[in-house]
Amino acid sequence: MTLGERIAYYRKRAGYSQEELAERLGVSRQAISKWETGEATPDAERIIALAAALDISTDTLLLGKEDPSPTYTAAETVQQPAPTPEWLNHLPRHIGRLFREKGYIAGYIVAAQGLGILLVGLLARFGFGSMLSMGDSTWSSVGSWGSMSGMGNMSAAFRFPLIFADVICGLGGIFIIGGIALAIIWKKRGQQ
């Protein structure tokens with residue numbers, strides 16, 4: 001029996017197709033086929049991996065010597081790492097293609113987040129303005145976006161929440177504008 005015939009025999013005995021064995025070893029199905037037909041010979045590293053995958057010794061694979069099946073305890077068996085799935089090897093390429101084709105959706109998501117931030121800022125502005133206007137009737141205009149004439153009478157500690165709410169509103173607006181711009185840019189890139 002030749003090496004190729006032994007590879008085919010033990011592959012079938014282990015219940016693997018050529019494709020399954022190739023995936024487990026990280027080679028092409030054509031490589032397995034060439035090994036089995038004798039057109040090519042696996043290198044030393046592949047022979048070791050092949051013997052381990054077929055659950056036989058290298059002597060059995062290379063020389064055809066059948067050795068008695070040793071009984072191993074669970075602690076003695078060596079766990080082979082699971083092979084990397086094929087789709088995982090191509091993941092960066094798929095992500096790049098997804099961004100080229102549908103990247104504009106990210107812009108819409110950023111704009112929607114900006115709208116949420118803007119709404120939180122407006123709510124905070126309204127809430128802080130209402131609370132501060134209750135304390136003094138001269139500050140009644142503080143809660144509105146209109147005239148801020150009463151704000152000059154307020155101490156810096158009282159103005160801080162209103163300024164903070166204004167900053168949040170500004171950030172929300174920046175996110176909305178940036179998200180829409182990003183969506184337009186990615187949409188044009190996807191059409192090219």
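## Exercises on an all-helix predicted model

Ile163, Val167, Leu171, Ile174 and Phe175 make up a nonpolar patch on the surface, and together they have about 440 Å² of accessible area. Accessible areas come from the Shrake-Rupley method with a 1.4 Å probe, and for residues only the protein chains shown count as cover. The model is predicted: local features need pLDDT of at least 70, side-chain atom pairs count only at pLDDT 80 or more, and totals for chains, interfaces and linings use all residues. Residues are numbered from 1 along each chain as its sequence is written, and side-chain values use heavy atoms, with hydrogens and water left out.

**Exercise 1. Describe the secondary structure and the burial of the chain.**

Step 1. Helices (H or I, at least four residues) and strands (E, at least two) are DSSP runs, numbered from the N terminus. The chain has nine helices and zero strands. Along the sequence the pattern reads α-α-α-α-α-α-α-α-α.

Step 2. Buried means under 20% relative accessible area, exposed over 50%, and partly exposed in between (1.4 Å probe, protein chains only). Of the 192 residues, 26% count as buried.

Step 3. The accessible surface of the chain is about 12900 Å², and 62% of that belongs to carbon and sulfur atoms.

Step 4. A contact means heavy atoms within 4.5 Å. Among contacts in the chain with a separation of 6 or more, 57% come from residues 24 or more positions apart.

**Exercise 2. Find the salt bridges and place each partner in its helix.**

Step 1. Side chains of opposite charge can pair when their charged atoms come close. The rule for a salt bridge is a side-chain nitrogen of Lys or Arg within 4 Å of a carboxyl oxygen of Asp or Glu. By this rule the count is two.

Step 2. One salt bridge joins the side chains of glutamate 36 and arginine 11, at 2.5 Å from N to O. Glutamate 36 lies in helix α3 (residues 29-37) and arginine 11 in helix α1 (residues 3-14), so this pair ties together parts that are 25 residues apart in sequence. Both glutamate 36 and arginine 11 are buried.

Step 3. Aspartate 166 forms a salt bridge with arginine 125, with the closest N and O atoms 3.0 Å apart. Because aspartate 166 lies in helix α9 and arginine 125 in helix α8 (residues 104-135), the pair ties together parts that are 41 residues apart in sequence. Aspartate 166 is partly exposed, with a relative accessible area of 27%, whereas arginine 125 is buried at 1% relative accessibility.

**Exercise 3. Which residues form the negative surface patch, and which helix gives the most to the patch?**

Step 1. Patches are made of residues with over 30% relative accessible area and no salt bridge; like charges are joined within 9 Å, and nonpolar side chains (Val, Leu, Ile, Met, Phe, Trp, Tyr) within 5 Å. Lys and Arg count as positive and Asp and Glu as negative, while His and the chain ends are not counted. The place of a charge is taken as NZ of Lys, CZ of Arg, CG of Asp or CD of Glu.

Step 2. The negative patch consists of Glu19, Glu20, Glu23 and Glu86. Helix α2 (residues 18-25) gives the most, with three residues.

Step 3. Glutamate 19 sits in helix α2 and counts as exposed, because its relative accessibility is 56%.

Step 4. In the nonpolar patch, phenylalanine 175 lies in helix α9 (residues 156-191). Phenylalanine 175 is partly exposed at 34% relative accessibility.

**Exercise 4. What lies around leucine 118 beyond its neighbours within four places in sequence?**

Step 1. Leucine 118 is in helix α8 and is partly exposed, at 22% relative accessibility.

Step 2. With neighbours within four places set aside, leucine 118 is in contact with Cys169, Gly172 and Ile176.

Step 3. The C-alpha atoms of leucine 118 and glycine 172 are separated by 4.2 Å, although the two residues are 54 apart along the chain.

Step 4. Glycine 173, in helix α9, is 8.2 Å from isoleucine 117, C-alpha to C-alpha, and 56 residues away in sequence.

**Exercise 5. Where is aspartate 55 found, and is aspartate 55 buried or exposed?**

Step 1. Aspartate 55 is found in the loop between α4 (44-53) and α5 (58-63).

Step 2. Its relative accessibility is 70%, so aspartate 55 counts as exposed.

Step 3. Aspartate 55 is not a glycine, yet has a positive phi of about 60°.
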